[in-house]
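Let's take a walk through this model, starting from a single residue and working outwards. Keep the viewer open, and follow along as the headings go by.

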Amino acid sequence: TIRVEQREGVAVVTLSRPDKLNAVTPQMHKELLDAFKRIARDDAVRAAVLTGEGRAFCAGQDLETVTQNPDLDYGELLRSGYNPIIEALTSLEKPVVAAVNGVAAGAGVSLALACDLKLASDKASFVQAFVHIGLVPDSGSTWFLPRLVGLTKAMELALLGDKVSAEEAARIGLINRVVPHDALMPEALTLAERLAQMPTRAIALTKRAFYKGLTVPLSEQLAYEAHLQAIAGKTEDHREGVRAFFEKRKPVFRGR
Ligand code: LHQ
């Protein structure tokens, strides 16, 4: 239900149930978690792209799996299905680019929000669909939304569940940038390839710092930055960066 391709230091993960708008099944949970665990372990991969096949990015939970199983424990579905994937994305020590190719709904939006940089096609849209079926935003949406767009807008998106265009999503800071539909994958790959040649350790530590910083007081964050900088300062890539600066040449970072 997903495809993983590898090229030039970049892994491309494609949600692949196009006839179901890439709605998420238990099988897809398993495959996604597996894919990001493998990406985490593979030193040759230094960036990832997450996208969807066909006209949708991801329609969220496959609601057929819900109706087929009236005893389904939703808490458990989140704890064992979605949450580990969201944590795998945010804790991945490599940058992840979301290439939102079409509509994203429910937990499909959450998947995109858990990526580090978010590009969207001009045909993409974002729907906090949960409220339309009497559910709470999940898979991190209640955490990400107010942090990304502020509480005022987050409340509006979640309570009304209106479809937001890619352009509006970029304007409110839900995503980084909108690109013409046909340029989406080329741009996402160019961006990921660029990231794959950057100092991977520093990027990993930066991700960690930002996520921690969202939940701690400044004094604690200053101490954490000092801790992380001590680690970054010992990397080969840091030494190479400084050397290249004085030699007035482009640095060659190896991700260690
Ligand atoms: C679908 C789906 C879908 C199955 C379109 N499932 N078939 C959930 C449950 C429990 C606990 C844990 O957490 C979660 C997390 C969640 O993600 S809850 C939110 C689940 N997602 C939704 O409620 C979104 C439902 N879908 C939609 O609102 C629309 O389909 C969107 C906005 C995604 C796209 O709209 P359109 O472009 O107008 O397409 P469509 O509605 O015509 O859909 C096309 C087909 O895909 C259609 O089937 P059909 O046989 O008529 O062609 C839909 O039934 C099917 N489909 N989403 N999530």
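## Starting point: V109

This is a predicted model, and our tour begins at V109, which sits in helix α4, the stretch covering residues 107–113. Is V109 buried or exposed? The count of C-beta neighbours inside 10 Å is 31, and since 20 or more are enough for the label, V109 counts as buried.

Which residues does V109 touch, once its neighbours within four places in sequence are set aside? The contacts are A104, F126, Q128 and S141. G60 is also worth a look: it lies 49 residues from V109 along the chain, yet the two C-alpha atoms are separated by 7.5 Å.

## Around the ligand

G60 turns up again at the ligand, where it is listed with A59, Q61, G106 and A107 as the residues that come nearest, out of 23 around the ligand. Three elements give two or more residues to this shell: α2 (63–67), α3 (74–91) and β6 (103–105).

If you are thinking about the chemistry of the surroundings, the shell residues divide into 16 nonpolar, three polar and four charged.

## The six-stranded sheet

Now for the strands. Six of them form an open sheet with mixed pairing, in the order β1-β2-β3-β5-β7-β10. At the edges are β1 (2–7) and β10 (177–179), each of which pairs on one side only. From one strand to the next, the twist averages 20°.

Helices pack on this sheet as well. Helix α1 (residues 26–41) touches β1, β2 (10–15) and β3 (47–52), and its direction makes about 15° with that of β1. Helix α7 (residues 184–196) touches β2, β3, β5, β7 and β10, with a direction at about 160° to that of β3. Elsewhere in the sheet, strands β5 (residues 96–100) and β7 (residues 117–121) run parallel and are joined by four bridges; one of the pairs to look for is A98 with its bridge partner K118 in β7.

## A closer look at β2

Strand β2 is mostly covered, with six of its six residues buried. V10, V12 and T14 point one way from the strand, while A11, V13 and L15 point the other way, and all are buried.

How do the neighbouring strands run relative to β2? With β1 the arrangement is antiparallel and there are six bridges; E5 has V12 as its bridge partner, and R3 has T14. The hairpin of β1 and β2 has two residues between the strands, and in it E8 takes a positive phi near 45°. With β3, β2 runs parallel, again joined by six bridges, and here T14 stands opposite T51. T14 therefore makes a handy landmark: it is buried, it partners R3, and it faces T51 across the β2–β3 pairing.

## The four-stranded sheet

There is also an open sheet of four strands, ordered β4-β6-β8-β9, and its pairing is mixed. The edge strands here are β4 (56–58) and β9 (163–165), each pairing on one side only. The twist in this sheet averages 20° from one strand to the next.

β6 is an element we have met before, as one of those giving two or more residues to the shell around the ligand. Further along the order, β8 (residues 125–127) and β9 run antiparallel and are joined by three bridges, and S125 stands opposite S165 in β9.

## The whole molecule

Stepping back, the protein has 10 helices and 10 strands. Its C-alpha trace spans about 60 × 40 × 35 Å along the principal axes. Does the radius of gyration agree or disagree with what a compact globule would have? For 256 residues the expected value is near 18 Å and the protein has 19 Å, which agrees.

Buried residues make up 41% of the 256 residues. As for the contacts with a separation of 6 or more, 72% are between residues 24 or more positions apart.

Key. Residues are numbered from 1 along each chain as its sequence is written. This is a predicted model: local features need pLDDT of at least 70, side-chain atom pairs count only at pLDDT 80 or more; totals for chains, interfaces and linings use all residues. A residue is buried if 20 or more other C-beta atoms lie within 10 Å of its own, exposed if 12 or fewer, and partly exposed in between; C-beta atoms are placed from the backbone. Two residues are in contact if their C-beta atoms, placed from the backbone, lie within 7 Å. Two strands pair if DSSP finds at least two bridges between them. Axes are lines fitted to C-alpha atoms, for helices over the stretch in contact, and angles run from 0 to 180 degrees between N-to-C directions. The radius of gyration is taken over C-alpha atoms; the globule rule is 2.2 Å times the number of residues to the power 0.38. A residue is near a molecule or strand if its C-beta atom, placed from the backbone, lies within 6 Å of it. Ala, Val, Leu, Ile, Met, Phe, Trp, Tyr, Cys and Pro count as nonpolar, Asp, Glu, Lys and Arg as charged, and the others, Gly among them, as polar.
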